[in-house]
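Please find below a colleague's note on this entry, set out as numbered points. The sequence and structure come before the comments.

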Amino acid sequence: MNPTMIQFFHWYSEGDSTLWKEAEKQAKYLAKLGITSVWLPPAYKGTNGGYSIGYDAYDLYDLGEFDQKGTIPTKYGTKNDYTKAIKALKKQNIQVIVDIVLGHKAGGDELEKFKVVKVDEENREKVISDVIEIESYTKFTFPGRGKKYSDFEWNFTCFSGVDYAEGMDSHIFKIQSEYGNDWEEMIDDEKGNYDYLMYNDIEHRNPFVREELNTWAKWYFDQTDFDGVRLDALKHISFDFYKEWLTLLRSNSGKDIFAVGEYWAPGYLHLLQKYIEVTEGCMSLFDSSLQNNFHTASREGGSYDLRRIFDETLTQADPMHSVSLVANHDTQPLQDLEAPVEPWFKPIAYALILLRKDGYPCIFYPDLYGAHYVDKDREGNDQEIFMPKVDGIEELLKARKDYAYGDQHDYFEDANCLGWVRTGDDDHTGCAVVLSNKDSYNKPMEVGILYAGKKFKDILKRFKDKVIIDENGWGNFPVPAGNVSVWIPE
């Protein structure tokens, strides 16, 4: 079966500890659609307790088991709910991908004194103060958990920088420690050095930290038997760390753990390629460049040349390491990295990632189920957002599951209308796909002499009439204006 992932949450996913139960309930439905892996949100306790999305990680060992940060369950449920959801998914032969946040920690339990320098927020290599002493919440003792599972206590030597100092204005403070007075090495010079992102930045050069994070990974695997990992914020973590971490996780688990990393650099394909090179291909990356192309194409409408849609993308340059997507929790409206794809273009974008041979497609929870939420806009005003379910998403997923196989023949000669044919294989008949970002079209394409005289129907039901294949194996496949049609043998 063609592999297909879903991000089973979004930034504003409902709270009240229900998401794990929903994942358990939806397992059969997802399998029916052809979903082969489910990416679940960070499952450990965050500093905001039951309100935490999970990216403000506090205690990696608390999967909704201990009374910490004002709650026992996380936003998504209890540890028991979580493990039940995983078992339900795996029973449907769906792989479970867990979200790994190892770049920073938040919500420390005690203040500590230590020496720092202030750095320029736009150029973190530029020191703008003398060495000073501050107090910050860098000691993590996890009083609610005690020493169950691990007796490791985090202190200021486990971090390279903080953004909080007691009694002072917020700033980025570089910790002066035995592990280096400079930031860890990154592959790019954005902001001078973008090691620091937020909260207490983890110092991966500390050997005790590395040992603890390697030990925790094996513990997490033993608790859940996950199949893959989604690695958060790679841009801000030493590439050497995850290369070692993944090697040890795969060795210690005895399992070929799938890994996909978030290195968000839309429009900078060379950085994604460089990261894959320096990590020796040990993980895939989300194709942020393709997502950005979708965003741009949806805004430009008929003036966008669809023949350029895969230009400068990882899916085109290195499909074996590409996880393609239309949207995620960071690109959805009202987020800092928002780059939404307009609703009219989403069926086109999903056809481009689901029905072609390159890339490992990941669909987004609101695009399958819809979403509605309210948050502050950039001016601080409440804004209500509706994210409608994508028109025809179930049919596109089923087309991937049942028909998108075999060789691929492209018909990309027109700037506003693309088409391709998948020839099928021994077990699948194949399909013909046509999409337009402007006018309605009829696209002549060859499906093969095997289908001479046969009829093709549009599984998206844009058209009631069938396409009859001529004696040479060609058909004239229509598509509505600004839409997509998918044709299969009747």
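**Notes on the cavities, pocket, salt bridges and sheet**

1. Helix α3 supplies three residues to the lining of the largest cavity, the largest share of that lining. The model is a predicted one. The full lining of this cavity consists of D59, L60, Y61, K105, F142, R145, F152, W154, E212, L213 and W216. Its volume comes to about 70 Å³. Five cavities of 30 Å³ or more are present in the structure.

2. The largest pocket should be kept apart from the cavities in any description; it encloses about 970 Å³ of space. Its lining is made up of 34 residues, and M198, D330, Q335, D336 and L337 are the ones closest to the centre. Two elements, β18 (371–376) and β19 (382–387), give two or more residues to the lining of this pocket.

3. How many salt bridges does a search of the whole structure find? The count is 31. Three of the pairs are taken up in the points below.

4. D227 and K90 form a salt bridge through their side chains, with an N to O distance of 2.8 Å. The two residues are 137 residues apart, and the pair links distant parts of the chain: K90 belongs to helix α2 (residues 79–91), while D227 sits in the loop between α3 (207–224) and β13 (228–231). Is D227 buried or exposed? Its relative accessible area is 11%, and because the cut-off for buried is under 20%, D227 is classed as buried. K90, at 24%, is partly exposed.

5. E203 and R205 also form a salt bridge, their closest N and O atoms lying 2.8 Å apart. E203 has a relative accessibility of 0% and therefore counts as buried. R205 is partly exposed, at 28%.

6. In the salt bridge between R230 and E262, the closest N and O atoms are 3.3 Å apart. R230 is part of strand β13, whereas E262 is in the loop between β14 (258–261) and α5 (269–278), so the pair ties together parts of the chain that are 32 residues apart in sequence. Both R230 and E262 are buried. Elsewhere, K90, D225, D227 and K255 are joined into one network by salt bridges that share partners; the bridge between D227 and K90 was described in point 4.

7. On the sheet: six strands form an open sheet with antiparallel pairing, in the order β20-β21-β22-β27-β24-β25. Which strands stand at the edges? They are β20 (408–414) and β25 (467–468); each has a single partner strand, so one side of each lacks a neighbour in the sheet.

8. Strands β21 (residues 417–422) and β22 (residues 431–436) run antiparallel and are joined by six bridges. W420 has V433 of β22 as its bridge partner. Packed on the sheet is helix α8 (residues 346–354), which touches β21, β22 and β27 (484–489). The direction of α8 makes about 140° with that of β22.

Notes. Residues numbered from 1 in each chain as written. Predicted model: local features only at pLDDT ≥ 70, side-chain atom pairs only at ≥ 80, totals over all residues. Heavy atoms only, no water. Pairing = 2+ DSSP bridges. Helix = DSSP H or I, 4+ residues; strand = E, 2+ residues; numbered from the N terminus. Contact = heavy atoms within 4.5 Å. Axes fitted to C-alpha atoms, helices over the stretch in contact; angles between N-to-C directions. Salt bridge = Lys/Arg side-chain N within 4 Å of Asp/Glu carboxyl O. Buried < 20%, exposed > 50% of the residue type's maximum accessible area, 1.4 Å probe, protein only. 1 Å grid on protein atoms, 1.4 Å probe; cavity = no way out; pocket = protein on both sides within 12 Å on 5 of 7 lines; lining within 4 Å. Points joined across faces, edges and corners; volume = space filled by probe spheres on them.
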